[in-house]
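Please look at the model shown here with the protein surface around the nucleic acid in mind. The paragraphs that follow lead through that surface and then turn to a record for one of the chains.

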There are 2 protein chains.
Amino acid sequence: MVTIADVARHAGVAASTVSYVLSGKRSISSDTRERVQRSVRALGYRPNASARALASQRSNVLALVIPLRTGMHVPVMMQFAAAVVTTARRYDHDVLLLTADEGPEGLQRVAQSSLVDALVVMDVELDDERVPVLRELPMPSVLIGYPADSEGLTCIDLDFVAAGARCVDHLADLGHRSMALLGTPSAVYERQTGFAQRTLTGFAEAAGQRGVVGVETPCEHTFAAVLGTVERLLHDHPDLTGLVVQNEPIIGPLLDVLRRLGRRVPEDMSLVAICADDVAERQVPQLSSVTIPAERIGALAVESLITKLSGAEAPELTLLPPEFTARGSSGRADDSDTTTGQGERTVDRRA
Amino acid sequence: MVTIADVARHAGVAASTVSYVLSGKRSISSDTRERVQRSVRALGYRPNASARALASQRSNVLALVIPLRTGMHVPVMMQFAAAVVTTARRYDHDVLLLTADEGPEGLQRVAQSSLVDALVVMDVELDDERVPVLRELPMPSVLIGYPADSEGLTCIDLDFVAAGARCVDHLADLGHRSMALLGTPSAVYERQTGFAQRTLTGFAEAAGQRGVVGVETPCEHTFAAVLGTVERLLHDHPDLTGLVVQNEPIIGPLLDVLRRLGRRVPEDMSLVAICADDVAERQVPQLSSVTIPAERIGALAVESLITKLSGAEAPELTLLPPEFTARGSSGRADDSDTTTGQGERTVDRRA
DNA sequence: CTGAAAGCGCTAACAA
DNA sequence: TTGTTAGCGCTTTCAG
């Protein structure tokens, strides 16, 4: 293993000079700089991460805490994790992967041992036991999602209230008077996960404002559950013509169920989803949808941390306005032939 | 931040004694041990990870390199990553997440800077440019999947050759004489990913041995692709009665397509999948399948690394025998009413 | 069974 | 513009 002393000797300078050339923290004559850089390359020198961290009090590692529970849509999480890693690398940081089942103790462990410099915590619940711990930790953190009390924290999320409302508005604009929200599995609501709850709030509020009927129901991930739920909805609300889905895994089965039940999309039933764009585009017909901006959230989270690590402030709560794209799955009520324009995208600024 | 010196002072012993109490590397009188442990708890002491790593030459961190490319089934990867993290924690290690797009250089970076002690590399291709780098690295690694030349490496994988063969055998045993392998998107074959290739080999070999017709085709992830592929298959091979699917995202659409085309499962068409158990069980009808043992592979990978870190040897190539479970999607050829037993599980020992 | 002390490889004052 | 030096907090010889 080649050390900074080796490089210094090879270049005929002091070790600190090598250090400064590498960090750029003080000006170096271009002559010595080049000599040092040549030695670095010649010897294949890589600074030892532990020594650097010990001396500088910075590990350049961020913790990423991912949920391992049921009801989360996995591909979205992966997208998110990938964005976190990629963005972290752009700022010369690495990412330590933690699973949520280590609990608050896990956060303390990596933080208090200085394994990491900062934390990204996903899937935050309204009353999350990790939040008080994060508040006490001697390092910055950012939450994806936000708890009931976000005072003093940095939280980033899609504005699910606005997203739910946006879906209602779209359907109401098309003349639909009765619509349902097909939500996540009930376990997700029960553990008070913010995003599911908030979509529901936005959905209900907007339905009230628009004077349309809006019913809500959770839905499990099995085909049987989808079939049962839809049948019940149609039975209880025979005039239902609009469906909002926030539950990616059931989208395929749902389209299938509607087909089985003889409901054409969008002629007999308009569908709007809250899901990743590629999922919406993969369906037949393609789904009008509010996108889940996993990559943007991941990148934003890391950037907030980098900001905070540099001593600056980051906003307390960042809610991304929903981006809606009309596709083939939604059309006018009472008009079996017309669909909305393809690919028209709007950004809701109510956030 | 409380240091080992603080603990030593508090307990009235030397710092080295505290260290030895914590590591158990030399015998300590139960009296001092307890005194030290009390102090540790009283002060809330956590050893500094960088200092420990610098002094001991061990970071207790494993690198996990995940693919970020198309064609990989994301939930399986997550399962795998989760198993790696969970198992690593059991051996008191953490996991650093790297994306494959950092390439061989990324491996060198984390290894040569001593950021990690060992590496797990997923999605290895037959001729993977990371393999020569791994061979040179001064630390152990394990590959998930295996390259053409696995000499001197440690590789773990499902035995996909046996898995492909197992599916053929199952269908042939049921009397099917003409079957097709619906594989991964063609991009996966083109980049010479081992698992896709090997399943195909096993499928073809077994078909030859059993004297049945076996055709193979890749299939993209869109509904249209599934429809087109199945229609073409049925047109070119009107006597086709068995389908082997190695492509999780298309399973839902495939069942839908078969329904549309009026082929009942399993009466008119028997289906066998190579996929995670929960996916197989979620379908209607439930799918006979060879499971993808993501968790076992993840756990095995970490355990191999821990073994190697302790100086012991690990086997060069570990191929897990396929576990087959018969469910409702496969039945006898020419027998519209009978299906195989539910849940009968067999383990193929040919590996 | 325990303590003292020498590093591990780097950064960042402090000096020049 | 560069060099000298004192740590960072721990592990592990070496001594006793």
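A residue is called near a molecule or strand if one of its heavy atoms lies within 4 Å of it. This is a predicted model, in which local features need pLDDT of at least 70 and side-chain atom pairs count only at pLDDT 80 or more, while totals for chains, interfaces and linings use all residues. Residues are numbered from 1 along each chain as its sequence is written, chains are lettered from A and ligands numbered from 1 in the order in which they are written, and side-chain values use heavy atoms, with hydrogens and water left out.

DNA strand C is surrounded by 27 residues, the closest being Ile4(A), Tyr45(A), Thr17(B), Arg26(B) and Ser27(B). Of the atoms of DNA strand C within 4 Å of the protein, 54% belong to sugar or phosphate, and the rest to bases.

Both kinds of site are represented among the polar contacts, which are pairs of N or O atoms within 3.5 Å; within protein, one must be able to donate a hydrogen and the other to accept it, and residues adjacent in sequence count only if both atoms are side-chain atoms. Polar side-chain atoms of Ser19(A) and Thr32(B) lie 2.7 Å and 2.9 Å, respectively, from a phosphate oxygen of DNA strand C, whereas a polar backbone atom of Ala55(B) is 3.4 Å from a base oxygen of the strand. The elements that give two or more residues to this surface are α2 (15-23) and α4 (49-56) in chain A, and α2 (15-23) and α4 (49-56) in chain B; α4(A) gives the most, with four residues.
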